[in-house]
Amino acid sequence: MANWVFHSLSRGIRTTRWPTDPETAAGVTPGRPRAGVGSAELAARCPTEALFPHDNGVGVDFGHCVHCQRCRHGDEALAWEQDFTWTSKPEQGREALPARFSRSIHVRYIDAGACGGCMGEIRLIDAPAYNMHRVGIFITATPRDADVLLVGGPVTEAMREPLRKAYEAMPEPKRVVAMGVCAINGGVFGTSFASAGGVAAEIPVDLVIPGCPPPPLAIIHALLAVTGRTEPAELVENP
Amino acid sequence: MSTASGISNLAQALRDQHADTTIHDRGDRLLIEASTDRLYDLAVALTSDHGCEFADLAIEQHAEQDAEEDTASFTARYFFYADTGVLVEIVTASTNAELPAISDRIHAADWHEREAEDMFGIHFTGHPFMGDFILHDTVWPENVAPMRRGFDHGERVSEKGLGEDWQPPRLIDEPGLFAFPVGPIWSDYAESGLWILETPGEHIHQAHTRLFYKFRGVQKIAEGQSTGQALLLAERFSGSSAFAHGLAYCQALEKLAGCEVPARAQMLRVIVAEFERIRYHAMTIAELAGSTGLAVGKARGQDIEETLLRLSGEVFSHRYLFGLIAPGGLAWAPDDEALARLDHGLQAAAEELEQLERLLTASSSFLDRIEEMGGLSTEDAVRYGTLGPVARAADRTLDLRVSLPYGIYDRLKVTVAHETEGDGYARMRVFFSEIRVSAALIRDLLSRLEDGPFAAPFEVVPGAALGWVEAPAGATFHWLRVDEAGLIARWQVAAPSFRNWHAFQQVFDGAAFQDFPIIMASYGLSVAENDR
């Protein structure tokens, strides 16, 4: 007979204290490049055009950064920051959900062509290390119970209709969060015969989470921003 | 038997049997030029008489051709391998967009032929099931062949499809039986796909798998990209085994360039690839525990998975190992101090996994749900050409690290996991056993890591080559053609999940509804990897 209780209790509390306290454990995020001093050649090294040359150096469009790390190593390199509060609000994004939602939002996740990266990270917001329930986030199986639609992937041709139907089935008020660079603009898959090039091509998007993939804390940050419990960040940074 | 003597022996045997075909011994592989008439006999001889496995089918449209119906001509490359380390390539030309189906005898090729039919509009004579596969009839019009040269991959084709409602396939006619759809949006965080269960209400009598909801056209959109750009796709079409696919892709490029990867880089590549396998299996185990409702087991599994992801982020700068692999070696390498942390962290995680295995195998309520459940017979495992842990749990010990070694695996001792029952419990034991083997490989290499550069200078050379890797889910083959400008002209990815999903419908004997997610979790397959 396995003594799960003893083995589990003996390990103590494994859950992060973020957002009450900062989370600085190594490896909770892939980090991201920050705008800074650099040449046009450094900007040109970026294969996804996330870096752009600027009068004062190199700027970063986080909506395109896929953490390929090509600007991180080598002769000239940008400084990378190990943060994860990346969620940003597009211009047409609706305001935060009313205060009565702030301790309990129900989320329906939709895989609209996500690779294993986003799939892996979304599964982990429920893991002991992050435990979404402690901040009032719940996953629901049906869009009819959902306040928030969290969508990963570039939106493939065959997922356009299921995505639209799921959105239409949600009760008002509702919000949509596009998770990962693919869901923002198609990412490495771009816009093509098979990919819509992001969630906004099909349904309105209220918040976007940059990252490839965004780590669990970045997802939780976004879901807190949906109810106004955290502030969204800027998507583009000039040096 | 060495690879060289294996190739010449097989060449001799085939020349005796098939005097009228041209057989070249190319050193690294046996190249057979055959007419389409001879293709079927040769393929059957390779698999039935010479113990070869079907690896991949790569189609290429001739460069000068437009997308004209029926007149388009193609080159088809059928890859096989024997566990003596011999790779065989049959090249045949089709001038009328027709090829003979080999899948009636070599069932492993079935989905490969259906893919070629959908993507290139090639008719496979003798194939019984064509139609709705990658390009769903509800979404795509008839006669779209996206991989043909004249097809513009930037243009959206249509949003109406055939304009008809798609009807789920039904095989069983029985009073009270109905088709229960699961998907494409289902469960909490499940990947999109559709499974149609024929059921009288509780027991599953027949299952149908309909995938490719996540088809992103990776092989098409890569055409015309630089090799550095397409590497981003190689890593990101299946992020849970990013390093394995990136490695197979880079090995094809290195073969073209004749690039020698330095010893230290080779060792580091094995360390990272085996690390990825451990993390992939840890995730599968956590999901398996969760699927049975054993929440505490899932939590422990996820805790280990998260520990490994953080270790990966700390040592390799990315939780899913993106941006590490590069042609010629690695893009960059962690220093010795970071590698020492990897060693330390991995040992701790390996101990945790040992403990988790002891706890799981002592939980009878858990074992009741996976024992004799989702059983894949050895016969089906062979017939469908299943790969990876799924095959190795069903008495089919196939592992490219041993049967077709790449990198430095021929100098390493890889113990291939082996179970015989083919059920969920056997698969779980294979996952744990492979974790142990991988951890031992990493520890061994870290203890004797050679000094030297982490990459060799690399330059893109045009041509076509095949790279392969034993990815966490099984064998993967990447066939690449690079044109004179150094851009990708054609890229064919054979993914292990593609092969294993094909067999998935065979495993519901005696299963009821509540077993469905458990069986699926015990397979540890990726839809993203299959759909590409």
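In this predicted model, B:Arg396 counts as buried because its relative accessibility is 6%, which falls under the 20% limit for that class. The side chain of B:Arg396 nevertheless has a charged partner, since it meets the side chain of B:Glu53 in a salt bridge with a distance of 2.9 Å from N to O. B:Glu53 belongs to strand E3 (residues 53-61) of chain B, while B:Arg396 sits in the loop between helix H12 (388-392) and helix H13 (400-403) of that chain, so the pair ties together parts that are 343 residues apart in sequence. B:Glu53 counts as buried as well, because its relative accessibility is 18%.

A second pair in chain B can be read in a similar way. The side chains of B:Asp336 and B:Arg264 form a salt bridge at 3.3 Å, N to O, and this pair links distant parts of the chain, with B:Asp336 in helix H9 (residues 336-361) of chain B and B:Arg264 in helix H7 (residues 263-291) of chain B, 72 residues apart. Here the two partners fall into separate classes: B:Asp336 counts as exposed because its relative accessibility is 53%, whereas B:Arg264, at 11%, counts as buried.

A third pair joins B:Arg448 and B:Asp444, whose side chains meet in a salt bridge at 3.0 Å, N to O. B:Arg448 has a relative accessibility of 39% and therefore counts as partly exposed, and B:Asp444, at 30%, also counts as partly exposed. Beyond such pairs, a network of salt bridges links B:Glu274, B:Arg277, B:Arg392, B:Asp399, B:Arg401, B:Glu434 and B:Glu470. Over all chains, the structure holds 51 salt bridges.

From chain B the view can pass to the interface with chain A, where 64 residues of chain A are in contact with 71 residues of chain B. The size of an interface is often given as the accessible area lost when the parts come together. For chain A and chain B, the area buried between them is about 5600 Å², and 61% of it lies on carbon and sulfur atoms. On the chain A side, A:Trp4, A:Arg123 and A:Phe193 supply 17% of the area that this chain buries against chain B, more than any other three residues.

Charged and polar links also cross this interface. The count between chain A and chain B is 7 salt bridges, and one salt bridge between the chains is formed by the side chains of B:Lys214 and A:Asp111, at 2.7 Å from N to O. The rule for polar contacts finds 27 residue pairs across the interface of chain A and chain B, with both residues of each pair at pLDDT 80 or more. Helix H1 (4-9), E5, H3 and helix H4 (160-169) of chain A each supply at least two residues of the side of chain A that touches chain B, and the largest share, 8 residues, comes from H3(A). By class, that side of chain A has 38 nonpolar, 15 polar and 11 charged residues.

Within chain A itself, the domain assignment gives domain 1 (32-81) and domain 2 (99-233). The centres of domain 1 of chain A and domain 2 of chain A, taken over C-alpha atoms, are separated by 27 Å, and 6 residues of domain 1 are in contact with 8 residues of domain 2. Between them, these two domains bury about 540 Å², with 64% of that area on carbon and sulfur atoms. A:Gly63, A:Val66 and A:His67 supply 62% of the area that domain 1 of chain A buries against domain 2 of chain A, more than any other three residues. The count of salt bridges between the two domains is 0, but the rule finds 3 residue pairs in polar contact across their interface, both residues of each pair at pLDDT 80 or more. By class, the side of domain 1 that touches domain 2 has 3 nonpolar, 3 polar and no charged residues.

The last stop is helix H6 (residues 216-226) of chain A, which is largely enclosed by the rest of the structure because 11 of its 11 residues are buried. Among the buried residues of H6(A) are A:Pro216, A:His221 and A:Val226. What covers the buried residues of H6(A) includes helix H3 (116-124) and strand E5 (105-111) of chain A, along with strands E6 (137-139), E7 (148-152), E8 (175-179) and E9 (207-209) of that chain. Just after H6(A), A:Gly228 takes a positive phi of about 75 degrees.

Conventions. Residues numbered from 1 in each chain as written. Chains lettered and ligands numbered in written order. Predicted model: local features only at pLDDT ≥ 70, side-chain atom pairs only at ≥ 80, totals over all residues. Heavy atoms only, no water. Buried < 20%, exposed > 50% of the residue type's maximum accessible area, 1.4 Å probe, protein only. Helix = DSSP H or I, 4+ residues; strand = E, 2+ residues; numbered from the N terminus. Contact = heavy atoms within 4.5 Å. Domains from an automatic or database assignment. Buried area = accessible area lost by both parts, 1.4 Å probe. Salt bridge = Lys/Arg side-chain N within 4 Å of Asp/Glu carboxyl O. Polar contact = N/O pair within 3.5 Å; in protein donor to acceptor, adjacent residues only side chain to side chain. Nonpolar A, V, L, I, M, F, W, Y, C, P; charged D, E, K, R; others polar.
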